[in-house]
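Please look over the sequence and the coordinates below. The report that follows covers burial, one sheet and the packing of helices.

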Amino acid sequence: MAGRRGGAPARKGLLVLGMHRSGTSALTRLLNLHGARLGDDLLPAGHDNPSGFWELREAVAIHERLLAGLGMAWDDPRPLPPAWADTDAARRASDDIGALIDHTFADEALWAVKDPRLCRFAPLWSRAMRARGIEPHAILVARHPAEVAHSLQTRDALPAPLGNLLWARYLVDAVAGSEGMPRTLVRYSDLLQDWRGAIAGIEGALSLELAHGDAIDAAADAFVAPQMRHHVVDAGQPADVLAAPLQAALAHAANNELPPAWPQAVERFSQALAPVEGVVDGLAGMLSASRAELATLQAENGKLHRELDEHGRW
């Protein structure tokens with residue numbers, strides 16, 4: 001293992017990269033059970049993820065602020081703006097990421113961070129980690145796009161074509177953003193069927209030294225269940241036309257590595273998207289307007305509630 005400070009073990013940070021509803025929460029908890037620290041201020045479990053999100057609250061907030069600064073949101077399927085990493089918003093996010101690492105993971109030999117938005121901003125994390133002598137490693141989590149789209153339709157009422165496009169966009173950004181890092185690929189279906197094999201594959205591919213033991217195995221067995229996968233499609237089911245080139249490439253992945261033909265798959269995705277980019281831009285504008293209208297309604301509702309409380313009219 002590489003050394004630092006006169007031979008001390010190198011510090012490692014794991015970036016868990018995967019689209020919303022792809023199984024990143026389950027994997028992150030398993031990594032946590034096997035010794036990766038996540039920090040203490042985690043988001044609480046929700047009705048849409050009762051087993052927990054395992055997301056650091058401040059990391060999510062940093063990503064949300066950065067998206068807002070770029071005029072985007074998590075469900076915006078467009079590419080990030082050109083030179084986004086040189087914007088004031090990105091510089092502020094980089095400073096915030098560095099501060100988060102310093103106060104949350106300063107003394108940790110192995111830690112992990114997970115937030116689906118991280119797929120789009122991995123380069124900022126990698127830069128901040130390397131500046132602090134921390135080795136960045138990436139774990140790409142893949143799930144069939146039709147399952148992700150169905151889950152997003154159920155949770156967020158997003159149309160299936162948008163869910164498929166978001167799946168593709170997050171995956172393309174995650175792969176590009178983790179270039180040059182030690183990385184490995186995990187399929188959500190494999191994780192649920194054989195978490196031991198998945199963890200062993202990650203440990204070997206990334207040269208990690210994870211914790212093991214009977215108590216850890218028991219906790220992991222109690223946590224992981226195939227029933228966590230609520231939306232299931234046949235592995236051979238054709239994907240949506242935009243997601244199809246990427247899903248086809250993933251189907252040929254072996255040994256937890258991206259296939260050699262991945263760049264060609266990304267090119268085919270870009271070619272398929274080009275004729276409908278105007279529609280995508282319009283859809284993103286509609287989503288933005290809907291979010292603004294909802295925020296206004298929520299603010300007005302909150303104001304009304306406060307006024308009624310003040311006058312005792314409940």
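Of the 314 residues in the protein, 49% are buried. The model is a predicted one. Its secondary structure comes to twelve helices and six strands. Take the contacts in the protein with a separation of 6 or more: residues 24 or more positions apart account for 76% of them.

**The sheet**

Strands of a sheet pair through backbone hydrogen bonds, either parallel or antiparallel. Here four strands form an open sheet, and the pairing is parallel. Their order is β4-β3-β5-β6. Which strands stand at the edges? They are β4 (110–114) and β6. Each has a single partner strand, so one side of each is left without a neighbour in the sheet. On average, neighbouring strands of this sheet are turned by 25° against each other, direction ignored.

Strand β5 spans residues 134–142. How many of its nine residues are buried? Eight are, so the strand is mostly covered under the cut-off of 20% relative accessible area. β5 pairs with strand β3 (residues 11–17) in the parallel sense, over seven bridges. On that side, K12 stands opposite E135 of β5. Strand β6 (residues 183–187) also runs parallel to β5, and five bridges join the two. Two residue pairs can be named here. I139 has T184 in β6 as its bridge partner. V141 has V186 in β6 as its bridge partner.

**T24**

V141 also appears in the surroundings of T24. T24 lies in helix α1, which covers residues 24–33. Is T24 buried or exposed? Its relative accessible area is 4%, which is under 20%, so T24 counts as buried. Leaving out residues up to four places away in sequence, T24 touches V16, L17, G18, K114 and V141. Of these, V16 and L17 fall within the range of β3, residues 11–17. K114 falls within the range of β4, 110–114. V141 falls within the range of β5, residues 134–142.

**Helix packing**

Two packed helices are described by the angle between their axes and the distance between the axes. Two helix pairs involving α4 are set out here.

| Helix pair | Angle between axes | Distance between axes |
|---|---|---|
| α3 (residues 88–104) and α4 (residues 118–131) | roughly 50° | within 9 Å |
| α2 (residues 57–69) and α4 | about 100° | 11 Å |

Start with α3 and α4. Their axes come within 9 Å and cross at roughly 50°. That angle makes α3 oblique to α4. The crossing of α3 past α4 is right-handed. From α3, the contact takes in A90, A93, S94, I97, G98, L100 and I101. From α4, it takes in L124, W125, R127, A128 and M129. By class, the residues of this contact divide into nine nonpolar, two polar and one charged.

Now α2 and α4. They pack at an angle of about 100°, with their axes 11 Å apart. α2 and α4 are therefore roughly perpendicular to each other. Which residues make the contact? α2 supplies A59, H63, L66 and L67. α4 supplies L118, F121, L124 and W125. The contact of α2 with α4 has seven nonpolar, one polar and no charged residues.

L124 and W125 of α4 appear in the contact with α3 and also in the contact with α2.

Note on methods:
Residues are numbered from 1 along each chain as its sequence is written. This is a predicted model: local features need pLDDT of at least 70, side-chain atom pairs count only at pLDDT 80 or more; totals for chains, interfaces and linings use all residues. Side-chain values use heavy atoms; hydrogens and water are left out. Axes are lines fitted to C-alpha atoms, for helices over the stretch in contact, and angles run from 0 to 180 degrees between N-to-C directions. Angles under 35 degrees count as roughly parallel, over 145 as roughly antiparallel, 65 to 115 as roughly perpendicular and the rest as oblique. A crossing is left-handed if the near helix is turned anticlockwise from the far one by less than a right angle, and right-handed if clockwise. Contact means heavy atoms within 4.5 Å. Ala, Val, Leu, Ile, Met, Phe, Trp, Tyr, Cys and Pro count as nonpolar, Asp, Glu, Lys and Arg as charged, and the others, Gly among them, as polar. Buried means under 20% relative accessible area, exposed over 50%, partly exposed in between (1.4 Å probe, protein chains only). Two strands pair if DSSP finds at least two bridges between them.
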